[in-house]
Amino acid sequence: MADENTQAANNEEQAVQPTLQIQRIYVKDVSFEAPNLPTIFQQEWKPNLKFDLNTETVELAEGLYEVCLNLTVETTLEESEEVAFICEVKQAGVFTVLGLEGVQLAHCLTAQCPNMLFPYARELIASLVNRGTFPALNLSPVNFDALFMQQLQAQQDAVEQSAETQTH
């Protein structure tokens, strides 16, 4: 009887253990535009880089999520302000996430999963830029944990500001 209770308790502990598993990683969408070729190569290469990043999450089933990391890199030339290239990548993955709730689940889906997807997107962008025969572009790593903390702080500040507005 004691062995059955111990086994039942162990089974419950295993069921509650936080789990993050990659099911699949894939490219959902990709676009590369170089609207001013070949004349752009006749200008001095002094690029201005604009980098946009965001994530989207969709719950596919209980504990199964699609996370999509959206990256856009737009490069213009400093002197003429002409667009050299625009590269857009949607790198996605399907993840099993169990045993997490609230802030822990949000952190997993908006920081840990994108952190796993970023190297794939980074390599794809570098390859596309290379195929356009532009100088190498190696994106710096992104601290998704810091971005998540900024998002939490912004939400907390908004709640506090709303509470102050209501009390006055």
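Proline 38 is found in the loop that connects β1 (19-33) with β2 (47-61). In this predicted model, the peptide bond leading from leucine 37 into proline 38 is cis, and its omega is near -5°. Most peptide bonds are trans, and most residues other than glycine have a negative phi. Departures from the second of these tendencies are described below for two further loops.

The chain contains three helices and four strands. Read from the N terminus, these elements follow the order α-β-β-β-β-α-α. The chain has 168 residues, of which 28% count as buried. Its accessible surface amounts to about 10900 Å², and carbon and sulfur atoms contribute 48% of that area. Among contacts with a separation of 6 or more, 72% are between residues 24 or more positions apart.

Strand pairing was examined next. β1 and β4 are paired in the antiparallel sense, with 13 bridges between them. β3 and β4 also run antiparallel and are joined by 13 bridges. Isoleucine 86 in β4 takes part in the register of both pairings: glutamate 33 stands opposite isoleucine 86, and glutamate 74 likewise stands opposite isoleucine 86. Of the 16 residues of β4, 13 are buried, so this strand is largely enclosed by the rest of the structure. In a regular strand the side chains alternate between the two faces of the sheet.

The hairpin formed by β3 and β4 has five residues between its strands. Glutamate 81 is located in this loop, ahead of β4 (83-98). Its phi is near 60°, a positive value in a residue that is not glycine. Glutamate 81 has a relative accessible area of 63% and is therefore exposed, the cut-off being over 50%. Threonine 76, by contrast, belongs to strand β3 (residues 64-77). The relative accessibility of threonine 76 is 18%, so this residue counts as buried, for which the limit is under 20%. Beyond its neighbours within four places in sequence, threonine 76 is in contact with Lys46, Pro47 and Asn48, and also with Glu81, Glu82, Val83 and Ala84. Glutamate 81 is thus one of the contacts of threonine 76.

A second positive phi is found in the loop between α2 (102-131) and α3 (144-167), where threonine 133 lies. Phi of threonine 133 is near 60°, again in a residue other than glycine. With a relative accessible area of 56%, threonine 133 is exposed.

The largest nonpolar core comprises 32 residues. Those that touch the most other members are Phe85, Val89, Val97, Leu109, Phe118, Ile125 and Leu137. β3, β4, α2 and α3 are the elements that give two or more residues to this core. The most comes from α2, which gives 12 residues. For phenylalanine 118, the contacts outside its neighbours within four places in sequence are Phe51, Leu69, Leu71, Leu139, Ser140, Pro141, Val142 and Phe144.

Aromatic contacts were considered over the whole structure, and six aromatic pairs were found. One of them is formed by tryptophan 45 and phenylalanine 134, whose rings are tilted, at 5.7 Å centre to centre and 40° between the planes. This pair links distant parts of the chain, as its two residues are 89 residues apart. Tryptophan 45 is in the loop between β1 and β2, whereas phenylalanine 134 is in the loop between α2 and α3. The two partners also fall into separate classes of accessibility. Tryptophan 45 has 30% relative accessibility and counts as partly exposed, while phenylalanine 134, with a relative accessible area of 6%, is buried. Ring pairs join Phe32, Phe41, Trp45, Phe85 and Phe134 into a cluster. Phe85 in this cluster is also listed among the residues of the largest nonpolar core that touch the most other members.

How values were computed: Residues are numbered from 1 along each chain as its sequence is written. This is a predicted model: local features need pLDDT of at least 70, side-chain atom pairs count only at pLDDT 80 or more; totals for chains, interfaces and linings use all residues. Side-chain values use heavy atoms; hydrogens and water are left out. Buried means under 20% relative accessible area, exposed over 50%, partly exposed in between (1.4 Å probe, protein chains only). Contact means heavy atoms within 4.5 Å. Accessible areas come from the Shrake-Rupley method with a 1.4 Å probe; for residues, only the protein chains shown count as cover. A nonpolar core is a set of buried Ala, Val, Leu, Ile, Met, Phe, Trp, Tyr and Cys residues joined through side-chain atoms within 4.5 Å. Two strands pair if DSSP finds at least two bridges between them. Rings of Phe, Tyr and Trp (its six-membered ring) pair if their centres lie within 6.5 Å; planes under 30 degrees apart count as stacked, over 60 as edge-to-face and the rest as tilted.
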